[in-house]
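Trainee: Could you take me through one part of this model closely, strand by strand, and then show me how other parts of the chain it belongs to compare as descriptions?

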Amino acid sequence: MKARTQKFWIVFMLIAMSVACVEEISFTTEELVSILVVEATITNENKVHTVKLSRSYEFEAEGPIVESNASISLESSQGSISFTETEPGTYQSSTSFSAQNNTDYVLRITTNEGKTYTSQNTQLTAATEIDQLYAEREVDDLNNEGVSIFVDSFNPNGDSQYYRYEYEETYKIIAPLWRLEDLIVINPEWPFCEVQKVPKEIEQRVCFATDTSNVLILGNTSALTEDRLERFQVRNIRRDNYILSHRYSILVRQFVQSRAAHTYFETLQEFSESESIFSQTQPGYFEGNIRSESNAEEPVAGFFEVSYVSEARIFFNWEDLFGEEPIPPYISPCFEFAPPRDLGHPTDRCGSLIVSLQNDEVVFTRDNPAGGNEFEGEYFVAAKECGHCTALGTNVVPEFWIE
Amino acid sequence: MRRKVVKLLFIVLLSVFGGSSAWSQEGGLTVSFQETPMQEAMLQLENLSGKSFYFHDQWFGDSTVSASFTNKSLSEILDSLFQNTEFNHYLLDNSQLIILRNNIIYDVLPDGFFQKDSIVEVPVETIVSRSQPVFNATDKRREELPIPTLRIGKDDPNSNRSSFILTGTLTDEKGSPAADVTLFVKALGAGTTTDKSGKYRIELPKGNNLIETRSLTYANLKKRVIIYNDGNLDFELPENLEELETVFLEGSARKNVEDATAGVTKIDVKEIKTIPLVLGERDVLKVATTLPGITTAGEGSAGYNVRGGKEDQNLILLDEGVVYNPAHFFGIFSGINPFTTEDVEIYKGNIPAEYGGRLSSVIDISSKDANVEKFAGEGSIGPVTGSLTLEMPLAKGKSGVLLGGRTTYSNWILRSLDDESLQNSEASFYDVIVKFNQEINEKNDLKATGYYSRDAFSITSDSLFNYSNRMVSVQWDHKINDNNRASAILTNSRYQFGIEFDGESNTDFDLNYDISETGLKVRFNSVLNESHSLDYGIATKYYVSNPGEIDPINGSSIASLEIQQEKALESALFISDEFNVSDKLLLSAGFRFSIFTALGSREQNVYVEGLPKNEDSLVEVRSFGNNEAIETYTGPEFRLAARYLLMPDLSIKASFNSTYQFVHTLTNNTTISPIDTWKLSDLNIEPQRANQVSLGLYQNLKDNDYQLSLEGYYKRAQNILDFKTGASILLNENIETEVIQGEGKSYGIEFLARKTKGRLNGWLGYTYSRSFIKMDSEFSEETINNGEFFPSNFDKPHDFSLVANYKMTKRFSFSANFVYQTGRPVTVPVGNFVINNSEFVLYSDRNAFRIPDYYRLDLSFNVEGNHKIKKLAHSFWNISVYNVLGRNNPYSVFFVNEAGEIKALQSSIFAIPVPTITYNFKF
């Protein structure tokens, strides 16, 4: 709806006698320094907690710039816990601890430049556990079939209401064209162009891949009569996604948020998802709960949260939901082809098989009895991930994995 | 300026004998009379001298003359003939000779008549008068007609009244009311101006008074009125062909200096005829934006910002009825038909107490009264619209009806565009106005206006937008007696928009919004005495708003939703007094007491006081029965103004103005859009209020030819509505949780120089103004830009306008507009950042950047048909080029993400010169 109502501006400009004009202009943004971005969620879990610091970056730039050499401390009536940088931009608490109820926590950051930033007093949010995590086969409004991961959560006291979810999904990958042998290059120089079949030394048939959520998943019960989330969808996987093919596991972490934190993330999400290019909606900088001590007007991104977290994990197999139905297509089509090994005279060069193997792009699948000329090689190969599952994941079975 | 030298004519009313005339005559005449009747002698002399003689043929009776002259001057002959008679003579501009009885005409002034220097034609001879005459100074103009003397009323010997009221109606030769004509009696320093119906009312001392009229449109007249009692004097004003196209009305010229009200702008539709047009549309409100203090957010954006106020803070009245969104085509054209409009008055400083309910201004648009004598019409054919206006008398001299309509034929433009998706789109609008006026009798007048405008546009084949304004007003004017008048005005207005979506998926819907108001105002005017004139009355309005309703259509899966209806009653008592403290000091004191009551039936959320309104602070949901008062707000409003005349043509004015506003538009767009909704104040949304002080200097130079004004103002506003960043507004059931109410601050200095007459006329305006908003709270979600004042979306510090019109001949004229404005503030994304693996956009502080400056030059050439009265139709061609310089002025700035790279783009509406030709005709 929103995008649609804004569309008329397009026409507006076009109908204006077709003399309207859209052109690129440049804004001078050089005066703007990059701002500090704080990613800090302390939870009730007893563990080493992590705070990440980075800086905002220009559009043209790649990825976040980490903020190193800062000193971070978490202060409360129970004392001060310092954080040390374990890798650039990532700071870990010196001890394991868990956030306590009814305690005011303040996050204090001093950057390398000597600027100090302090969060507002923040308390642990109310405790609400995930009641149930479950997967269901579902067909959505647009007729897309898939698997939805739902959360049910209930707080009888009604004092949670705002939730943020993160997930970590792990799935079993079985390389469809896995073979006992690999093809390796012995001598890549012409006229040798020598390859050899050798037995595999490592497990490359069954692997496990893990992905973490990279979108904000926010839920709230504020518009509902009770603090109950029912069938809240944290993840939807299309039926044709290969990660469902064998066995799939998802760990969902539910963070109970403060209303302020929730509003903050909701707004960030809204401004970054604006589809309409002609949007005239008033955007703006949106303040979190971290402020610069040295300059109250300096913008800071991020929200310091002290959240009650609960997590749940489920496993399911393809057959559990889809029975005997064919599994989804593999991530790559796995066409077998036989690239030439030796291009012969007068080219006097080895074929693309040699280069592809050297670059670790293809894997051996079977012999090609018809091959052996400058057009076709003696071996069929396929894309690497078709035979080596390690191209997609790890061959180590995760600790939590239950078959 | 045609008359460079002030020529003064002095009439001695006493019977003075003797003296001599004061003109010389080079050429000699030879004539002899033998017992010739005096009258015949005069006629002979008239023939011989080739001059026109003016005298009364009964004056001379049977008297005869016998004399013989050889090579004598006319003056010598007349001196000789008139010796020992009661006659005098006076030669006016060498071609007219006036014969006077008992009077003598002096063309030199006694010492001390003027306080300061004045230009007086130096006489060849000097009169030495034996008796000191009594002088009544009158301004003489060349085109003046002889002065008739009229007796009003019968002398009542028992009356001891020293002054009487003269009323009447001025009409043109066709019988249409002559509005804005100034009537004044120079000797008294008193005057008045006719109203829209041509009516006037003036208090005159008993006896002899010389009334003069001044007007742009009509010839200047003098009437000698000997008044013995209250009475009526209607008269016709001949059209002043000489000055037909002069731009400014002199009638209101002195108002500039003499009125107590500061910050009022008047636009007469006749003035703007030659101004260059956008796409051939003459537009009264667009012209207003070339005057200081009135701007729009962008080229072609609807809504006006008056002295740093938001678009919703203007009370736009058409014949006293509110029009919510008088804009077509998103604001490229205004919804006000220029051909049916008489004038527009914009109160941006001191608002009269009878108006209220908006913070920043009152835009008072008056339609023409229909010609009650004969059928008349006017039409216009432009590239985008066509318009026709008809005036029809219903009962001759008593009542008439005015019909005006405009429509667009712009669809062909869309169809001719290359873009395939737009070829199926449409954009159309029309507006119609009907006005009926009737003079029931001498004491009662009735007027009724109906207005309807509608826009419809579809952008894609699946959505259709429409919006419409409806307004009806009925006004009854009643004259209780000479000192008391009353008016009753009944109005009804409605604004509505709708969106119909019919797409391919199952999400078709129909969305509707409307607000209506019905109002009654009764006002009285009482003239208590010479120094006090009271205006007072009562007004009440009933609002009904349906804030939004969505329904599925074509069996779609959209859930029906209807936001609760809102109702309210807004009433006010008002009184104002114009108090003439002295000749120099005029005070205008107005007081308005507004009461606003939000009415049920509704459910209202109650929140914890002092906390942001949200689910956390929700205490209860309270239900109110039908018409039960939900919340009542009262607002005392003061409208104070003072004028002090430093010199007769130089005044200083100061004013203090306070206003309340109970209805607000909800918009989180940076510019106004037709789908912004209006929200009534209730339990959770407080009324906006503002205070403004202003101080100005006003000077008219060279006989009101040049008008200069310099005004400064400072305005503070409370409870200005804004929204939390990223709020969703349409169909929001708890809109109060998204609203932030903050402070507004604006100040500015406005300079305007107008040249009102002559071949070259026009105006030059420069405004330096700032407009700020502050949203501060202890809660960050209700804070914008750290709670500091930041520039509003329409903060354009420098605003320069030049409008010039050069009349080459009576038929050809040339006009130019030049506008320069600082670019408006915008919020731009300045970077990206990552939190929890998600990438977000970082925006600058609100309005931290500005789009490039705006400037534009428009030119137009106007050809007037000839002025023969008997011609079937008068025609007028306007050839305009808009944006001659082809300046690519940005209308909006937006950002696109192209392959991960965010680009800033600007869009312009009229990026190249746009030529248009418009043909107007009048019959």
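Mentor: Let us begin with a hairpin in which two residues join β32(B) to β33(B). This is a predicted model, in which local features need pLDDT of at least 70 and side-chain atom pairs count only at pLDDT 80 or more, while totals for chains, interfaces and linings use all residues. Residues are numbered from 1 along each chain as its sequence is written, and chains are lettered from A and ligands numbered from 1 in the order in which they are written.

Strands here are DSSP runs of E with at least two residues, and helices are runs of H or I with at least four, both numbered from the N terminus. Two strands pair if DSSP finds at least two bridges between them. By that rule β32 (residues 463-481) and β33 (residues 484-501) of chain B are antiparallel partners with 18 bridges, and one of the positions to look for is B:His478, whose bridge partner in β33(B) is B:Ala486. On its way along the chain β33(B) also pairs with β34 (residues 509-529) of chain B, again in the antiparallel sense and over 18 bridges. B:Ala486 serves here too, standing opposite B:Phe524 in β34(B), so that B:Ala486 is a bridge partner of B:His478 and faces B:Phe524 under the definition of pairing given above.

Elsewhere in chain B there is an open sheet of five strands, in the order β9-β15-β14-β11-β12, with mixed pairing. Its edges are β9 (149-152) and β12 (190-193) of chain B, each of which has a single partner strand, so one side of each is left without a neighbour in the sheet. Neighbouring strands of this sheet are turned by 25° against each other on average, direction ignored, where the axes are lines fitted to C-alpha atoms (for helices over the stretch in contact) and angles run from 0 to 180 degrees between N-to-C directions. Within this sheet, β14 (residues 207-214) and β15 (residues 222-227) of chain B run antiparallel and are joined by six bridges, and B:Ile211 stands opposite B:Lys223 in β15(B).

A last strand to inspect is β57 (residues 874-882) of chain B, which contains B:His874. B:His874 and B:Phe921 are 47 residues apart in sequence, yet 5.5 Å apart in space, C-alpha to C-alpha.
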